[in-house]
Amino acid sequence: MAEQKIHPLHIYTDGASRGNPGNGGYGVVLLWGESKKELSAGYRLTTNNRMELMAVIVALKSLTKKNIPLTIFTDSKYVVDSVEKRWLLGWIKNDFKGGKKNKDLWLQYHTLSKDFIIKFKWVKGHADNIYNNRCDELATAAADNKSNLLIDDFYENEVDILK
């Protein structure tokens with residue numbers, strides 16, 4: 001019987017918004033060996049950083065296997081630095097005091113991340129990485145699809161409260 005080779009999971013993510021805030025979207029490309037899966041959706045009112053983080057969350061939620069090593073490639077320094085420099089752990093410890101944004105999404109990410117062995121890698125956006133470019137295409141197309149935009153309830157409620 002041939003030994004089964006384990007392929008690392010690579011996830012590429014991107015977020016976009018038309019205005020900040022404005023229509024937004026995320027794009028995800030999951031690569032496992034020869035398999036590829038794409039995910040995307042758009043929101044009627046959100047921010048670029050929310051969509052960058054939402055892409056990561058959606059990717060993790062889509063996975064059926066737990067406790068696997070995976071690498072997430074993103075052009076978002078906000079996402080990479082928040083996790084890799086352990087800022088998120090400080091924000092959680094201090095209950096996001098000091099105006100830290102996107103608490104709802106960061107808490108979702110934190111809970112999901114416990115099920116995986118995650119490494120983030122920053123890639124230069126709008127450059128020569130075909131999968132990052134594909135994620136950008138998915139994210140911007142989702143943001144521009146005005147007939148099919150979802151509601152980012154937490155963000156829209158937060159904006160209403162601040163008015």
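1. Two strands are taken to pair if DSSP finds at least two bridges between them. On that basis this predicted model contains an open sheet of five strands, in the order β3-β2-β1-β4-β5, with mixed pairing. The edge strands are β3 and β5 (117-122), each of which pairs on one side only. Averaged over the sheet and with direction ignored, neighbouring strands are turned by 20° against each other.

2. Two helices can be placed against this sheet. Helix α1 packs on it and touches β1 (9-19), β2, β3, β4 (69-74) and β5; the direction of α1 makes about 150° with that of β1. Helix α2 (residues 77-84) also packs on the sheet, where it touches β4 and β5, and its direction makes about 135° with that of β5.

3. Strand β1 deserves its own entry. Eight of its 11 residues are buried, so the rest of the structure largely encloses β1. With β2 it pairs in the antiparallel sense over 11 bridges, and a hairpin joins β1 to β2 through two residues. One bridge of this pair sets L9 against W32 in β2. With β4, by contrast, β1 pairs in the parallel sense over five bridges; there, I11 has I72 of β4 as its bridge partner.

4. G15 lies in strand β1. Is this glycine buried or exposed? The cut-off for buried is under 20% relative accessible area; G15 has 6%, and therefore counts as buried. Leaving out residues up to four places away in sequence, G15 touches G25, Y26, N48, M51, E52 and A139. Of these contacts, N48 is 33 residues from G15 in sequence, yet the two C-alpha atoms are 5.9 Å apart.

5. The next pair along the sheet is β2 (residues 22-32) with β3 (residues 35-46), antiparallel over 10 bridges. G22 stands opposite T46 in β3, and G27 stands opposite S40 in β3. The hairpin of β2 and β3 has two residues between the strands, and G33 takes a positive phi near 60° in it.

6. Away from the strand pairs, helix α1 (residues 48-62) packs with helix α4 (residues 103-113) at an angle of about 30°, their axes 10 Å apart. Angles under 35 degrees count as roughly parallel, and α1 and α4 are therefore roughly parallel to each other. The crossing in which α1 passes α4 is left-handed. On the α1 side the contact is made by R50, L53, M54, V56, I57, L60 and K61, and on the α4 side by D104, L105, W106, Q108, Y109, L112 and S113. Sorted by class, this contact has nine nonpolar, two polar and three charged residues.

7. A last point concerns F96, in the loop between α3 (87-93) and α4. What is its relative accessible area? The value is 7%, so F96 is buried under the 20% cut-off already used for G15. Which residues does F96 contact, neighbours within four places in sequence left aside? They are L88, W91, K103, W106 and L107. W106 is also one of the α4 residues in the contact with α1. N145 is 49 residues from F96 along the chain, and the C-alpha atoms of these two residues are separated by 33 Å.

Technical notes. Residues are numbered from 1 along each chain as its sequence is written. This is a predicted model: local features need pLDDT of at least 70, side-chain atom pairs count only at pLDDT 80 or more; totals for chains, interfaces and linings use all residues. Side-chain values use heavy atoms; hydrogens and water are left out. Helices (H or I, at least four residues) and strands (E, at least two) are DSSP runs, numbered from the N terminus. Axes are lines fitted to C-alpha atoms, for helices over the stretch in contact, and angles run from 0 to 180 degrees between N-to-C directions. Angles under 35 degrees count as roughly parallel, over 145 as roughly antiparallel, 65 to 115 as roughly perpendicular and the rest as oblique. A crossing is left-handed if the near helix is turned anticlockwise from the far one by less than a right angle, and right-handed if clockwise. Contact means heavy atoms within 4.5 Å. Ala, Val, Leu, Ile, Met, Phe, Trp, Tyr, Cys and Pro count as nonpolar, Asp, Glu, Lys and Arg as charged, and the others, Gly among them, as polar. Buried means under 20% relative accessible area, exposed over 50%, partly exposed in between (1.4 Å probe, protein chains only).
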